[in-house]
Amino acid sequence: MERLSREAAKGPVDVPFLLLVLLLMGIGLVMLLSASFPSAYYEEGNPTKYFMRQSVFAAMGVAGMIIVSRINYQRFRGVAKLALFGAVLLLILVIIPGVGVTHNNATRWLRIGPLEFQPSELAKLGVVLYFSDSISKKKDKMQTLRYGIAPYAVILLAIAALMMLEPHLSGTVLILGTGAALMLVGGIEWKWVGGVLAAAAAGAYLLIGVVGYGASRIAMWKDPWIDSLGDGYQMVQSYLAIGSGGLFGVGLGKSRQKYLYLPEEHNDFIFSVVCEELGLIGATIIMVLFALLILRGYWIALQARDRFGSLLVVGVTTLLAMQTFLNIAVVSGLVPATGISLPFFSYGGTALLIQLVEMGIVLSVSRQMKPSRAG
């Protein structure tokens with residue numbers, strides 16, 4: 001079995017998935033350069049500062065993706081527990097006063113030398129690795145409360161509690177959603193899904209209706225114009241950017257909202273600049289590329305050689321799908337603002353690096369698809 005596994009791991013990667021990743025990353029870097037040069041010039045004195053930094057991490061990420069894609073994914077079982085517990089430890093460090101780094105009233109970062117990163121990004125990967133390894137071994141036991149629900153629910157709730165102390169609502173939603181998806185694919189009964197959704201609804205009510213966390217975001221989501229110069233300013237500027245793009249856009253590099261009108265124009269709200277410069281047609285093409293990448297990821301999961309590989313790809317692809325949907329939904333006003341980045345586009349070097357490593361995991365699994373199904 002080990003010899004067969006080594007031989008299978010030498011197969012070719014899934015070329016369509018790889019090309020879609022590289023294409024989206026390339027477009028993302030171009031749009032980042034366009035969206036960031038006004039704020040980079042104003043804040044750093046160098047209009048290409050953010051782009052150059054992101055390009056370095058993109059090159060590192062591509063190298064990491066290639067290296068990971070050449071590793072037999074069965075070896076990831078050995079680091080699953082370490083990845084999860086290491087991520088939890090980092091999440092604990094973040095909330096220790098004086099250790100975590102605060103931006104915009106949220107303490108979500110750790111600093112190592114000149115680099116800052118969000119442990120939540122590592123926590124997402126840790127959950128995918130650990131859940132995939134553990135669930136793949138249980139099979140029918142996943143339908144029981146003791147083995148299929150309780151241990152994973154405890155892990156997810158512990159991580160969610162740590163992240164809400166930052167606070168980091170969007171990251172919490174992503175981890176809970178991905179964990180739930182892996183449990184569902186792993187074989188839990190549908191009745192538990194209903195229970196989880198009910199608990200999530202109750203938790204949301206407590207946070208917003210009782211505690212008041214995010215209440216202003218809900219109000220601004222309903223009508224940002226009631227405080228267009230205060231709490232609703234960002235959404236108003238996002239609407240103006242999207243509306244200004246029209247069908248064909250104002251032209252690449254010609255956005256007006258990026259000139260210090262739209263906050264986070266090169267980060268969480270970069271898709272607003274995409275809509276303004278490329279218009280509805282350009283934005284739709286990018287959304288189609290994301291959809292193709294996600295569908296290809298799930299196709300690879302269906303063709304995976306074993307249960308562990310399938311779960312790995314489902315976890316990574318679900319993370320990508322949820323993050324993409326939520327970001328676009330936020331900037332277009334479909335859901336309240338949560339502070340979530342757009343994969344491959346938003347500024348953040350370590351986030352891009354980890355995303356590309358995750359894509360390498362999918363490519364590693366694709367190497368072991370049966371030749372007759374790998375076309």
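Tutor: A polar contact is a pair of N or O atoms within 3.5 Å; within protein, one must be able to donate a hydrogen and the other to accept it, and residues adjacent in sequence count only if both atoms are side-chain atoms. This is a predicted model, in which local features need pLDDT of at least 70 and side-chain atom pairs pLDDT 80 or more, while totals for chains, interfaces and linings use all residues. Residues are numbered from 1 along each chain as its sequence is written, and side-chain values use heavy atoms, leaving out hydrogens and water.

Student: Which backbone oxygen does the side chain of R367 reach?

Tutor: R367 sits in the segment after α13 (349-366), with helices taken as DSSP runs (H or I, at least four residues) numbered from the N terminus. R367 is buried (under 20% relative accessible area, 1.4 Å probe, protein chains only; exposed is over 50%, partly exposed in between). It has no salt bridge (a Lys or Arg side-chain nitrogen within 4 Å of an Asp or Glu carboxyl oxygen), and the nearest side chain of opposite charge, D14, is 11 Å away. At 2.5 Å, its side chain reaches the backbone oxygen of G11.

Student: Thanks! How many salt bridges are there, and what N to O distance joins E44 and K49?

Tutor: By the 4 Å rule the count comes to seven. E44 is partly exposed at 42% relative accessibility, and K49 is partly exposed at 37%. Their side chains meet in a salt bridge with an N to O distance of 3.4 Å.

Student: How many residues apart in sequence are the parts tied together by D133 and R77?

Tutor: Their closest N and O atoms are 2.7 Å apart, in a salt bridge. D133 lies in α5 (119-136) and R77 in the loop between α3 (49-69) and α4 (80-94), so the pair joins parts 56 residues apart in sequence. D133 is buried at 6% relative accessible area, whereas R77 is partly exposed at 25%. So the separation asked for is 56 residues.

Student: Which residue completes a salt-bridge network with R77 and D133?

Tutor: D133 forms a salt bridge with R77. The network of salt bridges links both of these residues with K137.

Student: Is α5 roughly parallel or antiparallel to α6?

Tutor: α5 and α6 (145-164) pack with their axes, lines fitted to C-alpha atoms over the stretch in contact, 12 Å apart and at an angle of about 180°. Among the residues making the contact (heavy atoms within 4.5 Å) are V127, Y130 and F131 of α5 and I155, L156 and I159 of α6. Angles between N-to-C directions run from 0 to 180 degrees, and those over 145 count as roughly antiparallel. That makes α5, relative to α6, roughly antiparallel.

Student: How far apart in space are V274 and L252, C-alpha to C-alpha?

Tutor: V274 is in α11 (270-303) and counts as buried at 0% relative accessibility. Not counting residues up to four places away in sequence, V274 touches M31, G279, A283, I286 and F345. V274 and L252 are 22 residues apart in sequence, and their C-alpha separation is 8.5 Å.

Student: Which peptide bond is cis, with omega near -10°?

Tutor: Look at P167, in the loop between α6 and α7 (169-186). The cis bond runs from E166 to P167.

Student: What is the positive phi of F344?

Tutor: F344 lies in the loop between α12 (307-331) and α13. F344 counts as buried, at 3% relative accessibility. Although F344 is not a glycine, its phi is positive, about 75°.

How values were computed: Helices (H or I, at least four residues) and strands (E, at least two) are DSSP runs, numbered from the N terminus. Lys and Arg count as positive and Asp and Glu as negative; His and the chain ends are not counted. Angles under 35 degrees count as roughly parallel, over 145 as roughly antiparallel, 65 to 115 as roughly perpendicular and the rest as oblique.
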